[in-house]
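Please open the model in a viewer and follow the selections below in the order given. Each stop names what to select and then states what is found there.

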Amino acid sequence: MTAKTISTGILRAVGIILGISLLLYFLWQIQSVIAYLAIAAVIALIGSPVVYFLRRKLKFPNLLAVILTMLLMLGIFAGVIALFVPLLTEQGKNLSLLDIDDLQQKLISLYQEITQYFGASTETFNALLQNSDFEKSVLDGFNLGFIPDFLNTFLGVLSTASVGLFSVLFISFFFLKDRLLLQKGILALVPESKETRTTHSIDKINGLLSRYFVGLLLQIFVLFVIYMVTLLIVGIENAIVIAFLCALFNIIPYVGPIIGGLVMILLTMTSNLGLDFSTVILPKAGYVFIGLAVGQLVDNFFSQPFIFSNSVKSHPLEIFLIIIIAGLLFGIVGMIVAVPVYTAIKVILKEFLADNKLVKSLTRSL
C-alpha cells in the first residue's frame, strides 16, 4: 500500500465525514420544513381511505375527491380548535394545570386528608412535612411539571401549526392528489434495479400506516368519550378537559394510559378539596377508577388489537419490546414513533432481505 493510496483514503474519509456533517447541519436548519412534510404525510395517510372511498365507491373524480377530503379534515380540525382550545385554556386555568405550585399545595392537602382518613396522626404528617429529605424526595422528586408541560406543548403545537397551516395543507393536498408524488421523490434516489421493490415497499407501508393512524385517532376518541361520560355522570367539574387530556396521554404506548389514569384520579380528587373525604372525594375517585378500568378494558381488547396487531401486522409482545427499547434510547418521542418506524423497517427488510431467516420470522405476517 503506497503513501498515495493511504492519503487518498484519508481524504475520502474526511470528505465523507464532512459531507455527512453538512447534510445533518442542513437538515437541522430546515427542521420546520421536515416537520411540515411529516405532518402532511400523516394527514395524507389518514385521508387516503376517504379519497379511496369517494373515488372507487361513489365514482368521484380524483380532484373532487381530494378537495372534499381536505375540506372534511379541515372542518374537523377547525371544529376541534373552536370547541377545545378555549375550553382547554379556561378550564386548564381553573384546574391549576398551568400553576404547578398551586397543584402541589392541593396534593399536600389531599395527602393530609388521606392520612387522616386512614388513621395517621396530624403530628406525624407535620413531622414528615417538615423533614427536608421527605419534602425533597416526595414533593420535589414527584415532578408534576409534566402535566402543564404536556398541555402547554399540545396547545403550543396547535398555535405553531397555525403559522404553517397553509404549508401543511398545501403539501397534504398534493400528497393526496398525486399519491405517487412522494414515491417519485424517493425513487429518484434509488438505483433503477431496486425501483420495483422500492415501489412495492412504499405501497405496503402506506397501507399499513394509513390503517395505523386512523386506528390511533379512533382509540383516542373512544377513550375520550368513555372518560367524559364517566366524569359527567360522577359530577366532576372540568370533565371535558380532564377527559381530553387523559385520552391524549394514550398517544404514548403502555406508559401513557398509566400516567393518564393517575392524572385523572388526582385531578378528580383535588377538584373536590374542601368537601368531606369519606362521603364525597373517595366515592367519586372510586367511580372514576371504575370508568378508567372500563376504558382500558375497551382499549386493550378492542382498540389496541385493532391498531397494533391488525393494522401493522405485528405481535403484541413484539410491539411491546420495540416500544420499550425505543423509549430507553429516545425517550417519549421514541415511544410515539416506534410503531410506524418499525413497521416501515419490517416492510423494507421483507422486500430486500426476504431470504434471511431472521427477517422471515419477523415478517411472516406481512
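In this predicted model, the count of aromatic pairs comes to 4. Select Tyr212 and Phe213 to begin with one such pair: the ring centres are 5.3 Å apart and the planes stand at 70°, so the arrangement is edge-to-face. The cut-off for that class is an angle over 60 degrees. Colouring by accessibility shows Tyr212 as buried, and Phe213 likewise.

Next, select Phe224 and Phe244. Here the ring centres lie 6.1 Å apart with the planes at 85°, so this pair is also edge-to-face. Phe224 belongs to helix α10 (residues 195-234) and Phe244 to helix α11, so the contact ties together parts that are 20 residues apart in sequence. Both Phe224 and Phe244 are buried.

Then select Phe170, Phe173 and Phe174. Ring pairs join these three residues into a cluster.

**Helix α11**

Return to the helix that carries Phe244 and select residues 239-248, the full extent of α11. Is this helix largely enclosed or largely open to the surroundings? Of its 10 residues, 9 are buried, so α11 is largely enclosed by the rest of the structure. The buried positions are Ala239, Val241, Ile242, Ala243, Phe244, Leu245, Cys246, Ala247 and Leu248.

Within this helix, centre the view on Ala243. Its relative accessibility is 0%, so Ala243 counts as buried, the limit being under 20%. Now add Met264 to the selection and draw a C-alpha to C-alpha distance: Ala243 and Met264 are 7.5 Å apart in space, with their positions 21 residues apart in sequence.

**The loop between α2 and α3**

Which residues form a positive surface patch? Select Arg55, Arg56, Lys57 and Lys59, which together make up that patch.

Keep Lys59 selected for the final stop. Lys59 sits in the loop that runs between α2 (31-57) and α3 (62-94). Is Lys59 buried or exposed? With a relative accessibility of 65%, Lys59 counts as exposed, because the threshold for that class is over 50%. Its backbone also merits inspection: phi of Lys59 is near 60°, a positive value in a residue other than glycine.

To review the contrast, display Ala243 and Lys59 together. Ala243 lies in helix α11 and is buried at 0% relative accessibility, whereas Lys59 lies in the loop between α2 and α3 and is exposed at 65%.

Methods. Residues numbered from 1 in each chain as written. Predicted model: local features only at pLDDT ≥ 70, side-chain atom pairs only at ≥ 80, totals over all residues. Heavy atoms only, no water. Buried < 20%, exposed > 50% of the residue type's maximum accessible area, 1.4 Å probe, protein only. Helix = DSSP H or I, 4+ residues; strand = E, 2+ residues; numbered from the N terminus. Patch = residues over 30% accessible without salt bridge, like charges linked within 9 Å, V, L, I, M, F, W, Y side chains within 5 Å. Areas by Shrake-Rupley, 256 points an atom, 1.4 Å probe, with all protein chains shown as cover. Salt bridge = Lys/Arg side-chain N within 4 Å of Asp/Glu carboxyl O. Lys, Arg positive; Asp, Glu negative; His and termini not counted. Charge placed at Lys NZ, Arg CZ, Asp CG, Glu CD. Phe/Tyr/Trp six-rings, centres within 6.5 Å; stacked < 30°, edge-to-face > 60°.
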